[in-house]
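Student: Hi! I have a new model open and could use some company while I look around. Can we go through it together?
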Amino acid sequence: MAEKHVRECFTQADANSDGQLDSKEFASLLKKLDPDKWSDDNVSKFFGAADLDNNGKLDLQEVLHWIFKSHAASPSSPGGDDSSSSSSSSDSEDAREAHRANRKARSMKKEEKPTDVEMLYTLLTSYEGRDGGTLKLEDLIQVFAHCKGTGMDPRLPELVLQQVESHGEPEDVSALELGHLFAMLQENRSATEEDARTQISNVKDVCRGMDQKDLKAVGLDGSAVVGYGIFKQLLPMLSATMCIDKYHLLAAFSWSKTNVFELPEEMAIQVMVRLFMKVDGEDEHVLEQRVSNNDFNRMLFTVDLIDPSAKRGIPSGRIAIIFQEVLKTMPKKLAERRRARAVGKARTKKKVERKHTHKSISGRTQLSVLMEALFQSLPAPKAYYNAMDMSLRLLEVADGKAKLKKSSSAKSLGGTGPPDLGKRASA
């Protein structure tokens, strides 16, 4: 199935032209793609699986990701090929997929809501817990400069799959270049990604070698107000030029205001798969897999963060203590996270049930808490900027070790790859 066809059907199904599909519009889309297979009953089962940010709406990138990446190999998906499958096997696959979708939907109810654009803008315009302020360009640039150390650079799309539509190589956009993109949108609200890349190309040689707080030196007005409308346009433009999807951008910006580490779903999946060696089960999404103290210990060993001297890592005797402390204080930590992100809402402290009898953690939110606790437990001076930067660097370490292990295995077999069984048999 061609991506162009999916895009055309998406536009046709988007009845109110808001760029998002609700469950009825999603059903309309799938019926346009394959009217013989999809009915109201089975479409509703898959909506939750496609809704990555759990906001009750599907944008184009979520739909494309669901069809061509998450379910490309599944005969039950619009992007799958069931020409060689029998009716019974297709029904069985549909049932399994629906079961997994329902499991994921149930598990997502336990997760904290990912930061969205409206929530982020409220955070950026709040002061001492009260919203309703204004966002000035100088403040936005300062926040962005703060975020740059978290891994918002070209290595992120190399390490973690990004759900972004882009037409060029990743640009390492500086804070001052962000200011120039804002100025461009002020003059031309119809500016495109191509216009943004041209603007960046014109100013990057100057901007990247300067003090990122010196807006006047590059002709920017730091007191200019960044309204919600232009802010909504600026984020997708930034996403397209940096090749970093909105989920990672929003999480990084939110951290700069709340100091709460939020793992976007795709990064959480990669942490589970590449650091904790977890995989999807028959009826279980990888983020439903549980992480135990043994898993935590093994992960730290794999990425070389165990250090008896406690100078560059954690002594082995401290690992279980850290993990048990995370389990014990999980309800309290989750409540603190909710309060930190609840701008403009009542922040009265509620009594938190602190009894936590679980022996493991699961889910994107609890995994975020665990990785943040790990970052805080590392000795000073810390080798990482924050928990996001730490997670990315640990993925690099794990990938490097996996590559080295693969290379060593190939050499032990006397070549650069697995033996050619066909030649050996013929010999």
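Student: Let's pick Thr302. Is Thr302 buried, partly exposed or exposed?
Tutor: Keep in mind that this is a predicted model. Thr302 has a relative accessible area of 22%, and buried would need under 20%, so Thr302 counts as partly exposed.

Student: Which helix is Thr302 found in?
Tutor: Thr302 belongs to helix α14, which covers residues 293-302.

Student: What does the side chain of Thr302 lie 2.9 Å from?
Tutor: A polar atom of that side chain has the backbone oxygen of Arg298 at 2.9 Å.

Student: And how far apart in space are Thr302 and Ala398?
Tutor: Their C-alpha atoms are 6.9 Å apart, although 96 residues separate Thr302 and Ala398 in sequence.

Student: New topic: empty space. How do people look for it?
Tutor: A probe the size of a water molecule is rolled over the atoms, and that shows where empty space is left.

Student: OK, how many cavities of 30 Å³ or more are in here?
Tutor: There are 5. The largest cavity holds about 120 Å³ of space.

Student: What lines the largest cavity?
Tutor: Its lining has 15 residues, and the ones nearest the centre are Leu52, Pro114, Tyr247, Pro264 and Glu265. By class, the lining counts 6 nonpolar, 3 polar and 6 charged residues.

Student: Which helix gives the largest share of that lining?
Tutor: That is α12, with 3 residues. Both α12 (246-258) and α13 (265-275) supply at least two residues each.

Student: Tell me about α12, then. Is α12 mostly covered or mostly open?
Tutor: Mostly covered, since 11 of the 13 residues in α12 are buried by the under 20% cut-off. Among them are Tyr247, His248, Phe253 and Trp255.

Student: How does the span of α12 compare with what 1.5 Å a residue should give?
Tutor: The 13 residues should span 18 Å, and the end C-alpha atoms of α12 are 18 Å apart, so the two agree.

Student: What's going on at the ends of α12?
Tutor: Asp245 caps the N-terminal end, with a side-chain oxygen 3.1 Å from the backbone nitrogen of Tyr247. Just after α12, Asn259 has a positive phi of about 65 degrees.

Student: Back to empty space: how much of it lies in the largest pocket?
Tutor: About 1,100 Å³. The largest pocket is lined by 33 residues, and Gly19, Asp59, Lys232, Pro236 and Lys246 are the closest to its centre. Two or more lining residues come from each of α4 (60-70), α6 (117-124), α11 (228-242) and α12.

Student: Which of those gives the largest share of the pocket lining?
Tutor: α11 does, with 7 residues. The whole pocket lining has 12 nonpolar, 10 polar and 11 charged residues.

Student: Last topic: how many aromatic pairs are there?
Tutor: The count is 6. In one of them, the ring centres of Phe26 and Phe47 are 5.6 Å apart and the planes are at 70 degrees, so that pair is edge-to-face.

Student: Which parts does the Phe26 and Phe47 pair tie together?
Tutor: Phe26 sits in helix α2 (residues 23-33) and Phe47 in helix α3 (residues 40-50), so the pair ties together parts 21 residues apart in sequence. Phe26 and Phe47 are both buried.

Student: And which residues do ring pairs link into a cluster?
Tutor: Tyr121, Tyr228 and Phe231 are linked that way.

Definitions and conventions. Residues are numbered from 1 along each chain as its sequence is written. This is a predicted model: local features need pLDDT of at least 70, side-chain atom pairs count only at pLDDT 80 or more; totals for chains, interfaces and linings use all residues. Side-chain values use heavy atoms; hydrogens and water are left out. On a 1 Å grid over the protein atoms alone, a cavity is a set of points where a 1.4 Å probe fits but cannot get out, and a pocket is an open set with protein on both sides within 12 Å along at least five of seven lines; lining residues have an atom within 4 Å of a point. Grid points are joined across faces, edges and corners, and a volume is the space filled by probe spheres set on the points. Helices (H or I, at least four residues) and strands (E, at least two) are DSSP runs, numbered from the N terminus. Ala, Val, Leu, Ile, Met, Phe, Trp, Tyr, Cys and Pro count as nonpolar, Asp, Glu, Lys and Arg as charged, and the others, Gly among them, as polar. The expected span of a helix is 1.5 Å times one less than its number of residues. Buried means under 20% relative accessible area, exposed over 50%, partly exposed in between (1.4 Å probe, protein chains only). A polar contact is a pair of N or O atoms within 3.5 Å; within protein, one must be able to donate a hydrogen and the other to accept it, and residues adjacent in sequence count only if both atoms are side-chain atoms. Rings of Phe, Tyr and Trp (its six-membered ring) pair if their centres lie within 6.5 Å; planes under 30 degrees apart count as stacked, over 60 as edge-to-face and the rest as tilted.
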